[in-house]
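I set out to record two look-ups in this entry. The topics are the cysteines and the surroundings of the ligand.

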Amino acid sequence: MSASTSDWRSFRLDQSSAEADLQQLGKAKAALDVRVALSQDSARLETLSWALPGLYVDASKQRWDSEVVNALLQLAKEAGVPQAIADQFGGAPINHTEGRAVMHMALRGQASDAYEVDGQDVMPGVLDVRGRMLDFVDRVHDAHAHGRVTDVVNIGIGGSDLGPAMACKALRKFRSGPRTHFVSNVDGAHIEAVLAGLNPATTYVVVVSKTFTTQETMANAAIAKAWLEAGGATLSEQLVAVSTNLVATQAFGVLPAQTFGFENWVGGRYSMWGPVGLCIAVAVGRSNFELFLEGAREVDTHVRHTALKDNVPVMLALLGHWNQNVMGWRSHAVIPYAEDLSRLPAYLQQADMESNGKSVGRTGEKISWNSGAVVWGEPGTNSQHAFFQLLHQGTEIHPVDFVAFKAPTSGHDHMHELLLSNAIAQSEALLTGKTPAADEPHRLFEGNRPSTFMLFDALTPKALGQLIAMHEHRIFVQGVLWGIASYDQWGVELGKALANALIPEIRGEVAEGAHDPSTSKLVSLVRR
Ligand code: F6P
């Protein structure tokens with residue numbers, strides 16, 4: 001599919017007649033009682049749920065209906081969602097503030113996908129690096145089998161940490177290689193705690209950084225390299241780098257043969273499908289990593305070729321818009337009923353909030369509607385004993401995504417029955433609520449609280465690939481509806497610059513600079 005320019009780039013929600021209709025509809029639907037709707041409308045469940053291979057998504061407990069869906073589909077058309085999707089897959093430079101195409105889908109692609117950036121098929125390059133990376137993984141597995149490698153430490157932050165860390169934990173049952181560890185924080189306590197238990201003679205260190213300039217990562221990488229050296233490690237084998245900046249990786253002392261590159265058309269938080277996912281491949285092995293990519297690729301095919309109304313990421317994006325901007329529910333809780341998936345909320349916080357936490361539109365004007373939701377969550381059932389009180393009885397509504405798996409995630413089948421009962425019961429309780437006796441008003445559960453239930457067959461590499469790719473596309477489509485640039489992250493720059501400027505002040509190397517009184521006081525309290 002070729003790239004083209006179209007209206008979606010200049011779409012503004014406040015000039016959309018479909019959005020005006022939706023706002024009108026919202027007034028009527030605010031009072032929609034989903035309990036009544038589900039009992040009276042026999043088609044509701046069918047209309048508001050979808051199936052993909054190995055996955056059932058039920059959004060029938062959300063406060064919407066087919067009338068709302070039709071209005072949302074109208075909005076998607078007005079916003080140019082189909083063209084935006086085509087342009088992304090066509091390699092158009094849709095990341096306009098950085099002048100880049102967005103082509104992370106190629107990292108999970110096959111030769112036949114022939115994805116193009118700047119008129120060049122990128123698949124040969126992608127497959128070459130993937131081949132080198134998976135050969136490396138085979139060698140590490142062989143060395144592991146012979147006791148020469150016991151541990152691999154991933155040093156990176158943000159997109160160079162959260163996805164791989166989440167996936168390595170999620171795929172615990174598929175582990176076959178050495179243990180994987182993750183160091184991200186610039187707090188020295190993080191690397192100290194991780195390295196304390198490891199032997200430098202049998203540990204590989206993988207420094208993952210798109211830019212290879214990130215303060216946290218470079219500080220941790222220097223410590224890890226020195227630790228390897230002091231421990232008599234063979235750096236030419238045990239030090240590995242993943243980056244787009246091959247000059248910097250070499251300057252850091254990583255051999256080209258130990259370096260895996262990728263291109264600027266891969267955003268950091270969308271990068272775990274390629275070399276940034278090296279530790280995932282190390283943890284689960286070649287074939288499981290390929291299944292992980294395959295699951296995501298299936299979703300790419302789905303999003304690209306499925307009509308809007310049956311397109312799951314598009315429908316979830318529209319639902320998110322409805323909840324955010326029409327119902328006015330500003331947060332989005334994600335509750336994985338799987339301990340292995342405990343890092344999913346943290347991963348999604350970056351994927352979603354770094355992408356869609358924007359208040360200036362693509363046209364350069366401030367937007368007057370809500371963009372990225374506050375994403376949060378913890379695994380069930382722990383979360384039930386923490387913040388579910390507020391979800392059930394708090395003053396505000398927070399839509400919930402339940403993520404659960406039919407197959408047990410452990411060898412303890414009877415516990416999986418408990419886990420699933422809890423997940424389903426919570427979605428039921430949020431919906432049905434409970435009317436208490438007159439003298440017990442504190443026992444009131446209003447109910448009619450919205451949730452979506454994602455039920456996968458099993459927590460497999462393929463299912464994980466599907467889940468993450470679904471969110472990636474959902475996030476992009478929401479950015480299109482909201483007219484924002486989902487693929488840049490300028491909002492993280494100011495803090496980085498100020499922190500760098502403060503370092504010499506805090507070290508006492510220069511005089512204290514001019515700050516506001518509050519900041520000045522803090523600097524003076526910690527200054528050496
Ligand atoms: O926090 C901002 C950010 O730029 C993220 O977008 C990125 O994933 C992370 O820092 C790490 O960047 P790098 O991979 O270049 O070290």
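**Cysteines**

I began with Cys-279, which counts as buried at 0% relative accessibility. The model I am reading is a predicted one. I then looked up Cys-168 and found this residue buried as well, its relative accessible area being 4%.

Next I asked how many disulfides a search of the whole structure finds. The search returned 0 disulfides. I noted accordingly that Cys-168 takes part in no disulfide, and that the nearest cysteine sulfur to it, at 5.9 Å, belongs to Cys-279. I checked from the other side: Cys-279 is likewise in no disulfide, with the sulfur of Cys-168 as its nearest cysteine sulfur, 5.9 Å away. A disulfide requires the two sulfur atoms to be within 2.5 Å.

**Ligand site**

I turned to the ligand and asked which pocket it sits in. The ligand occupies the largest pocket. I counted 13 residues surrounding the ligand, and I listed the closest as Ser-160, Ser-209, Thr-211, Thr-214 and Glu-354. Sorting this shell by class, I recorded 8 polar, 3 charged and 2 nonpolar residues.

I then went through polar contacts made by oxygen atoms of the ligand. For Ser-160, I noted a distance of 2.7 Å between a ligand oxygen and an N or O atom of the side chain. For Lys-210, the partner is a polar backbone atom, 2.7 Å from an oxygen of the ligand. For Gln-350, a side-chain N or O atom lies 3.2 Å from a ligand oxygen. Lastly I looked up the ligand's area: taken alone the ligand exposes 390 Å², and the protein buries 87% of that.

Note on methods: Residues are numbered from 1 along each chain as its sequence is written. This is a predicted model: local features need pLDDT of at least 70, side-chain atom pairs count only at pLDDT 80 or more; totals for chains, interfaces and linings use all residues. Side-chain values use heavy atoms; hydrogens and water are left out. A residue is near a molecule or strand if one of its heavy atoms lies within 4 Å of it. A polar contact is a pair of N or O atoms within 3.5 Å; within protein, one must be able to donate a hydrogen and the other to accept it, and residues adjacent in sequence count only if both atoms are side-chain atoms. Accessible areas come from the Shrake-Rupley method with a 1.4 Å probe; for residues, only the protein chains shown count as cover. On a 1 Å grid over the protein atoms alone, a cavity is a set of points where a 1.4 Å probe fits but cannot get out, and a pocket is an open set with protein on both sides within 12 Å along at least five of seven lines; lining residues have an atom within 4 Å of a point. A molecule sits in a cavity or pocket if more than half of its atoms lie within 2 Å of its grid points. Ala, Val, Leu, Ile, Met, Phe, Trp, Tyr, Cys and Pro count as nonpolar, Asp, Glu, Lys and Arg as charged, and the others, Gly among them, as polar. Buried means under 20% relative accessible area, exposed over 50%, partly exposed in between (1.4 Å probe, protein chains only).
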